[in-house]
Amino acid sequence: MQRLNTAPRARSDQPLSVRLAWAIGSILGFLLFWEVLALLLQHRHFPPPTVVFAAMMREFASGELTFHIAMTLYRVVIAFVVAMLIGSSIGILLGRNARADNFFDTWLILFLNLPALVVIILCYVWFGRTEVAAITAVAVNKIPNVAVTVREGARSLSRDLAEMAHMYRFGWWKTLRHVTLPQLAPFFLASARTGLSLVWKIVLVVELLGRSDGVGFQLGTYFQMFDVSMILAYALAFIVIVQLIEFGILQPIAARVNRWRR
Amino acid sequence: MSDVTSRPLKIRVARKSYPAVAGRDEQVVLKDISIDIEPRSFVVLTGPSGSGKSTLLNIVAGLDQDYEGEVDLGGPDVNIGYIFQSPRLLPWRTVGENIALALPDGDSRHDRIEEMLRHVGLDGFSSQYPERLSLGMQRRAALARGFITEPDVLLMDEPFVSLDDPTAQGLRELLIGLWNRRPTTVIFITHDRTEAVMLGTRILRLSGANATIVQEETVRLSPSERTDRDKVRAEQNRIFEGT
């Protein structure tokens with residue numbers, strides 16, 4: 001747990017152009033493989049990437065794609081932020097308070113193993129098919145993961161540095177900002193990265209079961225029509241968005257947080 | 001600030017023990033300790049490992065409050081500096097930031113950080129991260145942090161241990177220089193008898209299973225004699241003869 005980011009750091013030592021070349025080459029290779037496979041199979045439920053891309057462009061031109069992705073993204077962001085805030089608070093509390101940890105440990109295991117689908121169904125049954133119910137269901141699914149990861153970080157906070165901060169009269173704010181949070185940063189980052197991919201997958205299920213917009217709702221609609229091209233078009237478009245968040249937001253934050261490492 | 005330390009620092013520890021843990025009995029680490037320290041004197045605590053020296057320092061610092069006894073720092077708001085055995089710098093903050101953080105926000109001494117770094121030989125290293133520096137340089141940064149706050153009482157727990165001899169010697173001379181420039185009450189722990197004689201005005205030796213003070217000596221060396229190896233060795237022989 002100590003060196004959470006050793007592997008990504010080793011890769012990021014390569015120049016950007018090299019990494020980009022590998023990424024592009026790899027994606028082109030995948031599309032080629034897919035195209036050839038589709039040509040060989042010749043089945044209407046296995047469209048080649050060119051057909052999927054055409055479907056994506058049609059949906060984009062009508063404005064549907066942008067609208068539904070925006071709705072899904074909005075739910076992802078709210079649920080993600082709520083889950084990070086609540087999960088981190090619980091994790092820090094349990095990591096610092098042995099009695100609370102002893103008591104709530106089994107609760108955490110219970111919630112970790114509760115199937116996402118059960119949480120979603122219960123939220124819709126109890127709160128109705130509302131936006132709040134949908135976002136709550138997603139957040140509740142993610143909170144235990146964040147809590148467990150951050151708890152690990154809070155348990156391993158350095159006593160040496162806490163004593164140093166006390167002797168040099170840091171006060172609570174300076175201690176939090178310069179001593180505690182930097183020690184927790186790798187754990188926040190780890191749970192944010194795993195969290196993003198988990199949250200968006202659950203959001204789709206929530207939309208499929210109880211919303212009338214968003215990527216999940218659209219997937220449900222096209223499933224009823226057996227329109228595989230459109231299903232793949234939505235899935236691919238959303239993967240691209242999530243990767244943009246990873247490269248554009250999470251990785252620069254990771255680089256900044258780790259800049260002091262040797 | 002100077003009138004705060006006009007009274008001596010009094011340390012009274014009747015008993016300090018660590019509670020029994022699985023398989024081990026309760027362990028008494030300090031017993032019947034009574035030390036009075038005059039302001040601006042440099043007291044060295046020495047003795048074998050496990051004789052409770054660091055525990056005593058943590059009691060004076062207020063980090064350990066679970067003991068029978070009393071510590072009177074000599075005033076109501078005495079500013080204590082602590083230079084630990086490991087440098088304890090924040091690895092995610094630069095050397096300059098680490099030193100600045102020891103000062104209250106808006107303190108005028110922030111302007112003197114560069115000057116302090118020059119004194120300890122870290123000129124131009126202000127924006128470096130600690131992990132990119134050698135241990136000796138990290139220790140210099142910890143010294144700078146300890147001195148910039150201008151403490152009334154400075155506690156030092158083997159701050160030069162595990163350094164090669166020339167580096168340690170350089171840091172000792174640096175410490176003498178800093179202390180001569182601004183004399184402050186120092187309690188300094190070391191295993192190294194040469195270091196004890198070179199730095200201290202008074203030496204206390206702790207020993208025994210539940211440690212207590214077994215020897216107390218005044219070092220008879222002038223500031224200039226302290227960097228003279230022969231004078232230091234002669235004084236060392238006088239003090240530690242037969243121990």
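The following paragraphs go through a predicted model, taking chain A, then the place where chains A and B touch, then chain B.

Chain A is built from eleven helices and has zero strands. Read from the N terminus, its elements are therefore α throughout, in the order α-α-α-α-α-α-α-α-α-α-α. Along its principal axes, the C-alpha trace of chain A spans about 70 × 50 × 30 Å. Of the 262 residues in chain A, 31% are buried. Taking the contacts in chain A between residues at least 6 apart in sequence, 74% join residues at least 24 apart.

The domain assignment splits chain A into domain 1, residues 6–42, and domain 2, residues 48–257. The centres of these two domains of chain A, taken over C-alpha atoms, are separated by 26 Å. Where they touch, seven residues of domain 1 of chain A are in contact with five residues of domain 2 of chain A. On the domain 1 side, helix H1 (6–12) and helix H2 (16–41) of chain A each supply at least two residues. H2(A) gives the most to that side, with five residues. By class, the domain 1 side has five nonpolar residues, one polar and one charged.

Helix H5 of chain A, residues 98–113, can be checked for its length. At 1.5 Å a residue, its 16 residues should span 22 Å, and because its end C-alpha atoms are 22 Å apart, the two values agree. H5(A) nevertheless bends by about 45° at Phe104(A). H5(A) is also hardly covered, as the count of buried residues among its 16 residues is zero.

Chain A also touches chain B. In this interface, 15 residues of chain A are in contact with 17 residues of chain B. On the chain A side, the elements that give two or more residues are helix H8 (159–167) and helix H9 (171–210) of chain A. H8(A) gives the most, with six residues. What classes of residue make up the side of chain A that touches chain B? That side has eight nonpolar, two polar and five charged residues.

Chain B is likewise divided by the domain assignment. Domain 1 of chain B takes in residues 2–79 and 151–240, and domain 2 of chain B covers residues 92–150. Over C-alpha atoms, the centres of domain 1 of chain B and domain 2 of chain B are 24 Å apart. Twelve residues of domain 1 of chain B are in contact with twelve residues of domain 2 of chain B. Helix H5 of chain B (residues 165–181) gives the most to the domain 1 side, with five residues. That side divides into nine nonpolar residues, two polar and one charged.

The nonpolar cores come next. In soluble globular proteins, nonpolar side chains tend to be buried together. The largest nonpolar core in this model has 65 residues, and those with the most contacts inside it are Val43(B), Leu45(B), Leu56(B), Ala144(B), Leu155(B), Ile187(B) and Phe188(B). Helix H4 of chain B, residues 135–148, gives the most to this core, with six residues. Leaving aside neighbours within four places in sequence, Ala144(B) is in contact with Ile99(B), Met116(B), Leu117(B), Val120(B) and Leu122(B). Another core, of 47 residues, lies apart from the largest one and includes Ile120(A), Cys123(A), Phe187(A) and Met230(A).

Leu56(B), named above among the core residues with the most contacts, sits in helix H1 of chain B, residues 53–61. The buried residues of this helix are Lys53(B), Leu56(B), Leu57(B), Ile59(B), Val60(B) and Ala61(B). H1(B) is followed by Gly62(B), whose phi is positive, near 90°.

The last stop is Arg40(B), in the loop between strand E2 (27–37) and strand E3 (42–46) of chain B. Is Arg40(B) buried, exposed or partly exposed? Arg40(B) has 16 C-beta neighbours inside 10 Å, so it counts as partly exposed; a buried residue would need 20 or more, and an exposed one would have 12 or fewer. Not counting residues up to four places away in sequence, Arg40(B) touches Pro183(B), Thr184(B) and Thr185(B). Arg40(B) and Thr184(B) are 144 residues apart along the chain, yet their C-alpha atoms are separated by 4.3 Å.

Notes. Residues are numbered from 1 along each chain as its sequence is written. Chains are lettered from A and ligands numbered from 1 in the order in which they are written. This is a predicted model: local features need pLDDT of at least 70, side-chain atom pairs count only at pLDDT 80 or more; totals for chains, interfaces and linings use all residues. Two residues are in contact if their C-beta atoms, placed from the backbone, lie within 7 Å. Helices (H or I, at least four residues) and strands (E, at least two) are DSSP runs, numbered from the N terminus. Ala, Val, Leu, Ile, Met, Phe, Trp, Tyr, Cys and Pro count as nonpolar, Asp, Glu, Lys and Arg as charged, and the others, Gly among them, as polar. Domain bounds come from an automatic or database domain assignment. The expected span of a helix is 1.5 Å times one less than its number of residues. The bend at a residue is the angle between axes fitted to the seven residues ending there and the seven starting there. A nonpolar core is a set of buried Ala, Val, Leu, Ile, Met, Phe, Trp, Tyr and Cys residues joined through C-beta atoms within 7 Å.
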